[in-house]
Amino acid sequence: MPFNVDPENVSAELQLEIIEMQYSTHLKQLSLNSTKLDFYRAVPKAEFRKIIAHAQKIMAMFASSYVCEQTFSTMKLRKNSIRNRLTDEHIFLLLKVASSQLEPAFENIMENQKQFHMSHTPNKTEPSNKS
């Protein structure tokens, strides 16, 4: 957070923006009353573009390491002593499905499904066995 840092200990390109931000009572109050993400969304981009760019890099590092740790944990759950015969290809495919953000559209899949057996078609007319 820019309010907890000494401007002299910051790189030269960020020093001026840090000083300006620290003197803004509005931004200081905003940082106390909101999350870090909401704070940086509310910071004026035209005035503090270098600080915002720096904060985005820092936040992206933590987000990507979280995804890596989550994927590694998923792999450990999938490949255990009982399922030790999984090949690298199988693990890759399992992790691909487990880490995907996509949701299958089951309704659309079922609507487009075709029945290939005549015994399953609802319109089939059976010959009557009336004697």
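**Exercise 1. The largest pocket**

Which helix supplies the largest share of the lining of the largest pocket? Determine also how the residues of the lining divide by character.

*Solution.* The structure under study is a predicted model.

Step 1. Begin with the volume: the largest pocket has a volume of about 340 Å³. Of the 14 residues that line this pocket, Met1, Tyr40, His54, Ala55 and Ile58 are the closest to its centre.

Step 2. Assign the lining to helices. At least two residues of the lining come from each of α1 (12-22), α3 and α4 (49-78). The largest share belongs to α4, with 6 residues.

Step 3. Sort the lining by character. The division is 12 nonpolar, 1 polar and 1 charged.

**Exercise 2. The salt bridge**

State how many salt bridges a search of the whole structure finds, and describe the placement and exposure of the residues arginine 41 and aspartate 38.

*Solution.*

Step 1. The search of the whole structure yields 1 salt bridge. Arginine 41 forms a salt bridge with aspartate 38, and their closest N and O atoms are 3.5 Å apart. This distance satisfies the cut-off, because a salt bridge requires such atoms to lie within 4 Å. In general, side chains of opposite charge can pair when their charged atoms come close.

Step 2. Locate the partners. Both arginine 41 and aspartate 38 belong to helix α3 (residues 36-42), where they are 3 residues apart, about one turn of the helix.

Step 3. Classify each partner. Arginine 41 has a relative accessible area of 55% and is therefore exposed, since exposed means over 50%. Aspartate 38, with a relative accessible area of 38%, is partly exposed.

**Exercise 3. Serine 31 and methionine 75**

Decide whether serine 31 is buried or exposed, and do likewise for methionine 75. Then list the contacts of each residue, not counting residues up to four places away in sequence.

*Solution.*

Step 1. Serine 31 lies in helix α2 (residues 25-33). Its relative accessible area is 14%, so serine 31 is buried, the limit for buried being under 20%.

Step 2. The side chain of serine 31 reaches the backbone oxygen of lysine 28 at 2.7 Å. When residues up to four places away in sequence are not counted, serine 31 touches Met1, Phe3 and Phe39.

Step 3. Methionine 75 is found in helix α4. With a relative accessible area of 27%, methionine 75 is partly exposed.

Step 4. Under the same exclusion of residues up to four places away in sequence, methionine 75 touches Ile91 and Leu95. Methionine 75 and leucine 95 are 20 residues apart in sequence, while their C-alpha atoms are 6.6 Å apart in space.

**Exercise 4. The whole protein**

Describe the secondary structure, and state what percentage of the residues count as buried.

*Solution.*

Step 1. The protein has 6 helices and 0 strands. Along the sequence, the pattern reads α-α-α-α-α-α.

Step 2. The protein has 131 residues, of which 17% count as buried; serine 31 is buried.

Step 3. Consider the contacts between residues at least 6 apart in sequence: 36% of these join residues at least 24 apart.

Definitions and conventions
Residues numbered from 1 in each chain as written. Predicted model: local features only at pLDDT ≥ 70, side-chain atom pairs only at ≥ 80, totals over all residues. Heavy atoms only, no water. Salt bridge = Lys/Arg side-chain N within 4 Å of Asp/Glu carboxyl O. Helix = DSSP H or I, 4+ residues; strand = E, 2+ residues; numbered from the N terminus. Buried < 20%, exposed > 50% of the residue type's maximum accessible area, 1.4 Å probe, protein only. 1 Å grid on protein atoms, 1.4 Å probe; cavity = no way out; pocket = protein on both sides within 12 Å on 5 of 7 lines; lining within 4 Å. Points joined across faces, edges and corners; volume = space filled by probe spheres on them. Nonpolar A, V, L, I, M, F, W, Y, C, P; charged D, E, K, R; others polar. Polar contact = N/O pair within 3.5 Å; in protein donor to acceptor, adjacent residues only side chain to side chain. Contact = heavy atoms within 4.5 Å.
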